[in-house]
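Student: Please choose one part of this protein and take me through it closely. I should like a single connected account that begins from one residue and follows its surroundings outward.

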Amino acid sequence: MFRKVMQMIQDYAEKKLLDEVFATYLDVQDAAAEMAQVLPCPRCGKLTMKMRLHSNALSRQVPGIAICDRCGTEEALEDAVRQPMDVHKWALVKTYMKGANLK
């Protein structure tokens, strides 16, 4: 029982942290677009994003987050076979959540 409760607390804390990371990135993404700066793709981590934010693909997994076209295509294919990439494998999550006890 104790382990189950602890796991529930850990899962909640992890989800809250993920939500905060993506919310913060969304703000940074919007600010970078206004300043005509290009950020790396949050999914693959490569500098493949287009200058105009609206020209990039929108993530199917994380609402409001723009990703590069290649990652957008990969997400569409993964969605078609119902095997989406775990967000814990995204470059953004790996980079900004180092040290957090993730899956």
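Tutor: A residue and its surroundings

Tryptophan 90 is placed in the loop between H2 and H3, where helices (H or I, at least four residues) and strands (E, at least two) are DSSP runs numbered from the N terminus. The model is a predicted one, in which local features need pLDDT of at least 70 and side-chain atom pairs count only at pLDDT 80 or more, while totals for chains, interfaces and linings use all residues. Residues are numbered from 1 along each chain as its sequence is written, and side-chain values use heavy atoms, with hydrogens and water left out.

With a relative accessibility of 0%, tryptophan 90 counts as buried; the term stands for under 20% relative accessible area, exposed for over 50%, and partly exposed for values in between (1.4 Å probe, protein chains only). Once neighbours within four places in sequence are set aside, the contacts of tryptophan 90 are Phe22, Pro42, Arg43, Ser59, Gln61, Val62, Ile65, Ile67, Glu75 and Met85, contact meaning heavy atoms within 4.5 Å. The C-alpha atom of tryptophan 90 also lies 6.3 Å from that of cysteine 44, although 46 residues separate the two along the chain.

Three of these contacts, Phe22, Ser59 and Arg43, may now be taken in turn.

The structure holds 1 aromatic pair. The partners are phenylalanine 22 and tryptophan 90, whose ring centres are 5.5 Å apart and whose planes stand at 85 degrees, so the arrangement is edge-to-face. Under the rule applied, rings of Phe, Tyr and Trp (its six-membered ring) pair if their centres lie within 6.5 Å, and planes under 30 degrees apart are called stacked, over 60 edge-to-face, and the rest tilted. This pair links distant parts of the chain, since phenylalanine 22 belongs to helix H1 and tryptophan 90 to the loop between H2 and helix H3 (91-96), 68 residues apart. Phenylalanine 22 is itself buried, at 9% relative accessibility.

The helix that carries phenylalanine 22 deserves a word of its own. H1 has 33 residues and reaches 48 Å from its first C-alpha to its last, close to the 48 Å expected at 1.5 Å a residue; the expected span is 1.5 Å times one less than the number of residues. Its buried residues are Glu14, Leu18, Val21, Phe22, Tyr25, Gln29 and Ala32, and their cover includes strand E2 (66-67) and H3. By contrast, phenylalanine 2, also found in helix H1, is exposed, with a relative accessible area of 62%. Just after H1, alanine 36 adopts a positive phi of about 55 degrees.

Serine 59 approaches tryptophan 90 from the loop between E1 and E2. It is buried at 8% relative accessibility. Apart from residues up to four places away in sequence, serine 59 touches Ile65, Ile67, Glu75 and Trp90. Methionine 8, which is 51 residues from serine 59 along the chain, has its C-alpha atom 27 Å from that of serine 59.

Arginine 43 and glutamate 75, both in contact with tryptophan 90, lead on to the charged groups. The side chains of glutamate 75 and arginine 43 meet in a salt bridge with an N to O distance of 3.6 Å; such a bridge is a side-chain nitrogen of Lys or Arg within 4 Å of a carboxyl oxygen of Asp or Glu. Glutamate 75 lies in helix H2 (residues 69-80) and arginine 43 in the loop between helix H1 (2-34) and strand E1 (57-58), so the pair ties together parts that are 32 residues apart in sequence. Glutamate 75 counts as buried at 3% relative accessibility, and arginine 43 is likewise buried at 3%.

Arginine 43 also forms a salt bridge with glutamate 78, the closest N and O atoms being 2.7 Å apart. This second pair again links distant parts of the chain, with glutamate 78 in helix H2 and arginine 43 in the loop between H1 and E1, 35 residues apart. Glutamate 78 is buried, with a relative accessible area of 19%.

Within helix H2 there is a further bridge, in which the side chains of glutamate 74 and arginine 70 meet at 3.5 Å, N to O. These two residues are 4 apart, about one turn of the helix. Glutamate 74 is partly exposed at 31% relative accessibility, whereas arginine 70 is exposed at 62%. Arg43, Arg70, Glu74, Glu75 and Glu78 are linked in a network of salt bridges, and the count by this rule comes to 7 salt bridges.
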